[in-house]
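Please walk me through this protein structure in plain terms. I would like an explanation that goes step by step and that a first-year student can follow.

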Amino acid sequence: MRITIFGATGLLGKSLMRECASDEVSGFSSRDGDIRDPLQVSAVVRNTRPEWILLAAAYTDVDGCETNRKLAFDVNCLGAANVARAAKECGSRLLFVSTDYVFDGTKTTPYETDDPRNPQSVYGRTKAEAEVALMQILPECCIVRTSWLFGVTGRCFPETILKLAAGRPEIDVVNDQRGSPTYAPDLAYAISQLCHQGASGIVHATNWGECTWFDFAREIVSGSGLTTVVRPTTSDKFVRPAKRPKYSVLSLRSLNQRGITLPTWQDAVGRYRQERRRISTHPEDQQR
Ligand SMILES: NC(=O)c1ccc[n+]([C@@H]2O[C@H](COP(=O)([O-])OP(=O)(O)OC[C@H]3O[C@@H](n4cnc5c(N)ncnc54)[C@H](OP(=O)(O)O)[C@@H]3O)[C@@H](O)[C@H]2O)c1
């Protein structure tokens, strides 16, 4: 299958490049495939003639989006629409990666794909508006919402926690936001399966299970050999520019109905730790 990836240099993009290695894959960064530039996007798509375009490019700094609103809308919303138009022009299928932050977090049971969007942050708004625009431009597109992404191929929560834990006897982590961690290689696998199935519509894809950031941090530290104590705290002690949903667990019904299940998030944390150890002994592998 011929696949073109926008955002191939990001946390998810690098995992997608690996997952699609046996396909005919081309990957682009913001330098050689800036999605804000419709001409550049159109040239990339015409030159690569993909059956599938995977759109993992985004401005993902959730707090940064609050102050850099124009950049957030230009990349996440207008940029996504540019890719959709180029896909339409060339007859390519499009898979767009979206987020749990399109929801407000007021539910107490997992969000279904047809629950109403009600983003609480600029980042969430840009992704929600992109979803709507893409479905208008390309009704057959596939939108994959995910959450709490982590992996060795980019900056992520587990990396921050391990760095903090290495230098402190105790760390405080919020225990009043619930979600589902998602290991980038597992999401890349799910995305590849969806492409091979020719999927369309909205799909929720995360690792199995849910937790708070405190639970997540405790699991990360507990198998690391560090003796740091992880203590629960509340969000009001860590006020940040962007509001986060209190509860953003995504129902996996849409993924399971397509015959795809991903391992538990605890299993994924174990594999993340192993991969991190492997890279620390073979640093040359990090470049791949
Ligand atoms: N991280 C999470 O926790 C999370 C959660 C839910 C959903 N998501 C979604 O998952 C997707 C992947 O996220 P990620 O964490 O892998 O992102 P990331 O690590 O921040 O990588 C972002 C990617 O987008 C590219 N990019 C940025 N601006 C661009 C532009 N103007 N034109 C073209 N490419 C541009 C970057 O290229 P350069 O390397 O050239 O800068 C990079 O390859 C995004 O759609 C994000 O919204 C992420």
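The largest cavity in this predicted model is lined by Tyr101, Trp148, Gln177, Arg178, Trp213, Arg244, Pro245 and Ser248. Sorted by class, this lining has four nonpolar, two polar and two charged residues. The space inside the largest cavity comes to about 30 Å³. The structure holds one cavity of 30 Å³ or more.

One residue of that lining, Trp148, is worth a second look. Trp148 sits in the loop between β5 (142–146) and β6 (149–150). Its phi is near 45 degrees, a positive value in a residue other than glycine. To put this in context, most residues other than glycine have a negative phi. Is Trp148 buried or exposed? Trp148 counts as buried because its relative accessibility is 9%, and the limit for buried is under 20%.

Arg49 gives a second case of a positive phi. The phi of Arg49 is about 45 degrees, and Arg49 is not a glycine. The residue is found in the loop between α2 (38–48) and β3. Arg49 has a relative accessible area of 52%, so it is exposed; the limit for exposed is over 50%. To set the two side by side, Trp148 is buried, whereas Arg49 is exposed.

Now step back to the chain as a whole. Its secondary structure comes to ten helices and twelve strands. The radius of gyration is 18 Å, close to the 19 Å that the globule rule gives for 288 residues, so the chain is as compact as a globular protein of that length. Along the principal axes, the C-alpha atoms fill a box of roughly 55 × 45 × 40 Å. Of the 288 residues, 52% count as buried.

Next come the strands. Strands of a sheet pair through backbone hydrogen bonds, either parallel or antiparallel. Which order do the strands of the open sheet follow? Six strands form this sheet, in the order β2-β1-β3-β4-β5-β10, and the pairing is parallel. At the edges are β2 (24–28) and β10 (201–204), each of which pairs on one side only. On average, neighbouring strands of this sheet are turned by 20 degrees against each other, direction ignored.

The pairings can be followed strand by strand. Strand β1 (residues 2–6) is joined to β2 by five bridges, and the two run parallel. Within this pairing, Phe6 stands opposite Phe28 in β2. β1 also pairs with β3, in the parallel sense and over four bridges. Here Ile5 stands opposite Leu54 in β3. Moving on, four bridges join β3 to strand β4 (residues 93–99), and these strands run parallel. Leu54 appears again in this pairing, with Leu95 as its bridge partner in β4.

Strand β3 (residues 52–55) also shows how side chains are arranged along a strand. In a regular strand the side chains alternate between the two faces of the sheet. In β3, Trp52 and Leu54 point one way, while Ile53 and Leu55 point the other way. What do these four residues share? All of them are buried.

A residue in a helix can be described in a similar manner. Val75 lies in helix α4 (residues 69–90). Its relative accessible area is 13%, so Val75 is buried. Val75 and Thr60 are 15 residues apart in sequence, and their C-alpha atoms are 9.8 Å apart in space.

The last stop is the second largest pocket, which has a volume of about 300 Å³. It is lined by 16 residues, and the closest to its centre are Val152, Glu159, Leu162, Tyr272 and Arg276. Which helices each supply at least two residues of the lining? They are α6 (157–167) and α10 (265–281). The largest share, six residues, comes from α10. By class, the lining of this pocket has five nonpolar, six polar and five charged residues.

Definitions and conventions: Residues numbered from 1 in each chain as written. Predicted model: local features only at pLDDT ≥ 70, side-chain atom pairs only at ≥ 80, totals over all residues. Heavy atoms only, no water. 1 Å grid on protein atoms, 1.4 Å probe; cavity = no way out; pocket = protein on both sides within 12 Å on 5 of 7 lines; lining within 4 Å. Points joined across faces, edges and corners; volume = space filled by probe spheres on them. Nonpolar A, V, L, I, M, F, W, Y, C, P; charged D, E, K, R; others polar. Pairing = 2+ DSSP bridges. Axes fitted to C-alpha atoms, helices over the stretch in contact; angles between N-to-C directions. Rg over C-alpha atoms; globule rule 2.2 N^0.38 Å. Buried < 20%, exposed > 50% of the residue type's maximum accessible area, 1.4 Å probe, protein only.
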